[in-house]
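Trainee: Could we go through this structure together, one question at a time?

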Amino acid sequence: MADKVRKAAADALEGVLFDGMTIMAGGFGLCGIPENLIAAIRAGGTKNLTVVSNNCGIDDFGLGILLAGGQIKKMISSYVGENKLFAELYLAGKLELEFNPQGTLAERIRAGGAGIPAFFTKTGVGTLVAEGKEVREFDGEFYVMERGLKADLSIVKAWKGDAEGNLIYRKTARNFNPMMATAGAVTVAEVEELVPVGSLDKDEIHTPGIFVDRIFQGAEFEKRIEQLTVRPRAEKMGAEKEAV
């Protein structure tokens, strides 16, 4: 078995980046994103990227730093509402966008990883989503054809992984990461903990190592929160006293 373990993000990406490539990036909002790999791509300066991701991060974090660096040419996403720069670039005609209903995006990625070139779904029939696509009738209902998605590179983030590339995601971070891990010609995983082979419970592995080409333990994880909406502690305590 080839040695999959790398020391850091830059090592894990060596020889796989090129201008004009398609990259799938796991995560949902800022949860479960491959922070270290995104930073390494930013440092590498790879440009004209097509990026498949649920969203494009925020203005100064996540995929947003690739956008700010002028490295992304096109986004294939389902939600982009947290990034002001994204909106500005799109409205100025400087960024291409392929919008997908979120379930459709998830299924397109899963299909690509499963070797399914296309599928039919009712979602989007009769809307802008279906424009230019084949619509077919099945059992009296209309469905629109969607193509499976694959990428030159998938970058994913997991909680634990071993040297064989077996991965376990933690809670909400188990979002787009598992399906994207299957749909890349090359898949690179960053993990919070890199553990010895055999120490992971086989029943808890979400991504089998056969899908992962390179793996490394991330140096640090910032794990930002997009919108912090908790009440100030003093206000909360005052309200509790009044209630009593």
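Mentor: Sure, and let's begin with a term: a nonpolar core is a set of buried Ala, Val, Leu, Ile, Met, Phe, Trp, Tyr and Cys residues joined through side-chain atoms within 4.5 Å. Buried means under 20% relative accessible area, exposed means over 50%, and partly exposed is in between, using a 1.4 Å probe and protein chains only. Also, this is a predicted model, where local features need pLDDT of at least 70 and side-chain atom pairs count only at pLDDT 80 or more, while totals for chains, interfaces and linings use all residues. Residues are numbered from 1 along each chain as its sequence is written, and side-chain values use heavy atoms, with hydrogens and water left out.

Trainee: Which element gives the largest share of the largest nonpolar core?

Mentor: That core has 27 residues, and Leu13, Leu63, Ile72, Leu153 and Ile155 have the most contacts inside it. Elements giving it two or more residues include helix 1 (9-12), strand 3 and strand 8 (151-162); helices (H or I, at least four residues) and strands (E, at least two) are DSSP runs, numbered from the N terminus. The largest share, four residues, comes from helix 2.

Trainee: How many residues are in the other core?

Mentor: It lies apart from the largest one, and Ile109, Ala151, Phe176 and Met180 are among its members. Its size is 19 residues.

Trainee: Which residues of helix 2 are buried?

Mentor: Helix 2 covers residues 35-44, and Gly45, with a positive phi near 75°, follows it. The buried ones are Glu35, Asn36, Leu37, Ile38, Ala40 and Ile41.

Trainee: Which residues of helix 2 does Ile155 contact?

Mentor: Contact means heavy atoms within 4.5 Å. Leaving aside neighbours within four places in sequence, Ile155 touches Leu13, Ile23 and Val188, among others. From helix 2 (residues 35-44), its partners include Leu37, Ile38 and Ile41.

Trainee: Is Gln71 buried or exposed?

Mentor: Gln71 sits in the loop between helix 3 (64-68) and strand 3 (72-77). Setting aside neighbours within four places in sequence, its contacts include Ile41, Gly45, Asn48 and Leu66. Because its relative accessibility is 2%, Gln71 counts as buried.

Trainee: And Asp139, buried or exposed?

Mentor: Asp139 is also in a loop, the one between strand 6 (135-138) and strand 7 (141-147). Its relative accessible area is 83%, so Asp139 is exposed.

Trainee: Which strands stand at the edges of the open sheet?

Mentor: Three strands form that sheet in the order 5-7-6, with antiparallel pairing; two strands pair if DSSP finds at least two bridges between them. Each edge strand has a single partner, so one side of it is left without a neighbour in the sheet. The edges are strand 5 (118-121) and strand 6.

Trainee: Which residue stands opposite Thr121?

Mentor: Strand 5 and strand 7 run antiparallel and are joined by four bridges. The residue opposite Thr121, in strand 7, is Val144.

Trainee: Why does Cys31 have no bond to Cys56?

Mentor: A disulfide is a pair of cysteine sulfur atoms within 2.5 Å, and the structure holds zero of them. Cys31 is partly exposed at 28% relative accessible area, whereas Cys56 is buried at 1%. The closest cysteine sulfur to that of Cys31 is in Cys56, and they can't bond because the separation is too far, at 17 Å.
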